[in-house]
Amino acid sequence: MKEILYFGGNRRVVDLIKKKVGALSVKITTKTLPDLSFYSDEEEGEKKILLVDLSPWDETLFAEIVPVLNLLEKDGVLRRCCVYLLFGHDPELVSKATLANCHAIKSYLVIGEDEDLFGNKLLCELELEEDKSGRYLSVSQLEVRINCLIPFKVNKIGIPHCLMSGPFQINKGDFQIKGSLLSDLNQKMISLEKGEQGYQFSLPFKRPSFISKKDDINQDIFIREINANKNFFRQRRGSIFLIGNDEKSERISRLLDYQANARVHFINDLDILKEEVSKHHPSVLFINLKDEANLKGEESDLTGFVFEDLLKVKSAIPFDEFYKPIIIVLNSPSHSLALRQVFRYDKIVALEEELSREILYELISKYNEKKLQDLSLEQGVIPIDSDVRSCGWIISEVCLHQMSEDRFTFSCPYGLEEGSWIHLEFPFALTAEITDIQPSPLGRDQKKYSCRILGLCGEAERYLRVFLNFAYKDPKEVFTYYNEHPTLLIDNLKKHLHGNGFEVDYGKEEDTHH
Amino acid sequence: MAKKKILIIDDEVKLLKLVSVLLSKLDLEVDTASDGQEGLEKVLKGQYDLIICDINMPKMDGIEVIKEAREKGSRDDFVFFTGHGNEELMMSSLKYGARGFIDKPHFSNLKDTVIEVLGLS
């Protein structure tokens, strides 16, 4: 049975989903957004549909949710799920959705005034409605070389390398990059290479030598720009230990490591603690206790450590008057004073609260509030997930074979992944999801990709229909001509939509076909 | 403002008097119990801002007092008198929510601990 898991708090949306799919064989489970942090899917069965409701738009929530999804994806938890973000109407919807897509979001749905439209789209996404693609007009045998934008995520900006990752397989190559990256980087050529930590490239800084190219960027200006936008970057300084012996603690430590301005290590074996402390010199050690005396009742979680374990923690800290890390004891029934007296260590803080997502976010904000000095590129800076600087596009050339009003196919040698998104700028701006991969007619080093156009509506939808109708008779010529004269295409489409027909100058004068 | 109410539990009667005297300047309402059982009955009946209890007593030790008190719903603050060699008992008291320890027989941190736990200025 298909299952929809709704994460959010909008009753109206839940009712709407129930109304639409309630009669079908679909199980609907509602959860709160914070539950997403601890989502795990171990069950067998059909892929689950995760609907993450971010309507109405909430910047803070987006900033919290995107890294969580990113980490779940990295951990393989979302392997058996399709994640959809639910957006409200928003003029910046596409850029937000694209950003989200660079971070594990499969697709998005818009909850607007037209609730039926949302419901129908949901049914299509659930593959509960027939595929209507056969009804659309299609032009084929195009074989036109067009630019395709492939998304990437910036994992680190630094010297000597920047790191990125994306849904592609490229060993080496020179590419132009595009996006809301740091302004000096936008539209620059980079030499991409597969390294141990993902794809790497060097920043093309100007060198005081005759080989400097016009594309080179000024290092000082670049560093100034990073520091002027400090809030959108993280730089790990120092380390934190989280000592726990359950999956929840591990997930929390991974989330913390992913978002805080410190390196977070998860320690689940006290016997290795001493060695780890001397290796990393953590400034804070968190340890989660279990409710030994069962003071909170029988339903209490009994994972965690006991007070005696704190003796091991204390003895793992070397005797050094200049190094005294803080030990924070979570879920402690006793108070800091008592713990300090028993363990004869001044820097113990006892907290009644259990290790939780709330505590986690308090910690993240505490660590990220710490005013960092100037960010250094040698150490590497990490763009935060929810900011547009964290992703961009590689511009690459592909061969377009066929296009209809909702799908197209192309070939390229970049080893793209099924389910990933790509972006076209011709015939006009389109975002599409790769839905199928087949051998390419262009050779064994290439693959043929089938794509489903996403979120096309309003004027763009009309543009595409008119253009395909127009190109129907001589598709290859029309596509080739307008690929070389892209501004003419938009002008002509606008004219057509205002009733002036299509003015063409590629050797023939034609009107549109309807 | 109402006076803070404390209960001192110890099987040494002389010590009960000494501690009462040492705390007299803090303007507290002091109650006493001369063994663990009596102490526990008082804890369960009354509402105390602080209970100072000897950890090592013959019939019913401090750990048993706090354990039973907790099991019967008391959430009052407990501070224990401890001496050398009581480390194991001190550790046991932590899981029932000890607030602190006062060194016995010197009572060097008695006033400071009471002031800190009661939030007195």
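The following paragraphs go through a predicted model, from chain A as a whole to one of its sheets, its nonpolar core and its contact with chain B.

Chain A has 514 residues, of which 35% count as buried. Its secondary structure comprises 13 helices and 23 strands. Among the contacts in chain A with a separation of 6 or more, 66% are between residues 24 or more positions apart.

One sheet of chain A serves as a starting point. This sheet is open and has five strands, paired in parallel in the order β14-β13-β15-β16-β17. At its edges lie β14 (263–267) and β17 (348–350) of chain A, each of which pairs on one side only. Direction ignored, neighbouring strands of the sheet are turned by 20° against each other on average. Helix α6 of chain A, residues 247–259, packs on this sheet and touches β13, β14 and β15 (284–288) of chain A. The direction of α6 makes about 165° with that of β14(A).

The pairing at the β14 edge can be followed residue by residue. Strand β13 of chain A, residues 239–243, runs parallel to β14(A) and is joined to it by five bridges. Within this pair of strands, A:L242 stands opposite A:F266 of β14(A).

Towards the other edge, a second helix comes into view. Helix α9 of chain A, formed by residues 336–343, lies across β16 (326–330) and β17 of chain A. The helix runs at about 140° to β17(A).

Next comes the nonpolar interior. In soluble globular proteins, nonpolar side chains tend to be buried together. The largest nonpolar core here has 154 residues. Those with the most contacts inside this core are A:V52, A:I150, A:I287 and A:V329. Which residues surround A:V329, leaving aside its neighbours within four places in sequence? A:V329 is in contact with A:I287, which is itself listed among the residues with the most contacts in the core. The other contacts of A:V329 are with A:L289, A:L310, A:L339, A:I348, A:A350 and A:L351.

The last part of the tour is the contact between the chains. Chain A contributes 13 residues to this contact and chain B contributes twelve. On the side of chain B that touches chain A, the elements giving two or more residues are α4 (87–94) and β5 (98–103) of chain B. Of the elements on this side, β5(B) gives the most, with four residues. By type, the residues on the side of chain B that touches chain A divide into six nonpolar, four charged and two polar.

Conventions:
Residues are numbered from 1 along each chain as its sequence is written. Chains are lettered from A and ligands numbered from 1 in the order in which they are written. This is a predicted model: local features need pLDDT of at least 70, side-chain atom pairs count only at pLDDT 80 or more; totals for chains, interfaces and linings use all residues. A residue is buried if 20 or more other C-beta atoms lie within 10 Å of its own, exposed if 12 or fewer, and partly exposed in between; C-beta atoms are placed from the backbone. Two residues are in contact if their C-beta atoms, placed from the backbone, lie within 7 Å. Two strands pair if DSSP finds at least two bridges between them. Axes are lines fitted to C-alpha atoms, for helices over the stretch in contact, and angles run from 0 to 180 degrees between N-to-C directions. A nonpolar core is a set of buried Ala, Val, Leu, Ile, Met, Phe, Trp, Tyr and Cys residues joined through C-beta atoms within 7 Å. Ala, Val, Leu, Ile, Met, Phe, Trp, Tyr, Cys and Pro count as nonpolar, Asp, Glu, Lys and Arg as charged, and the others, Gly among them, as polar.
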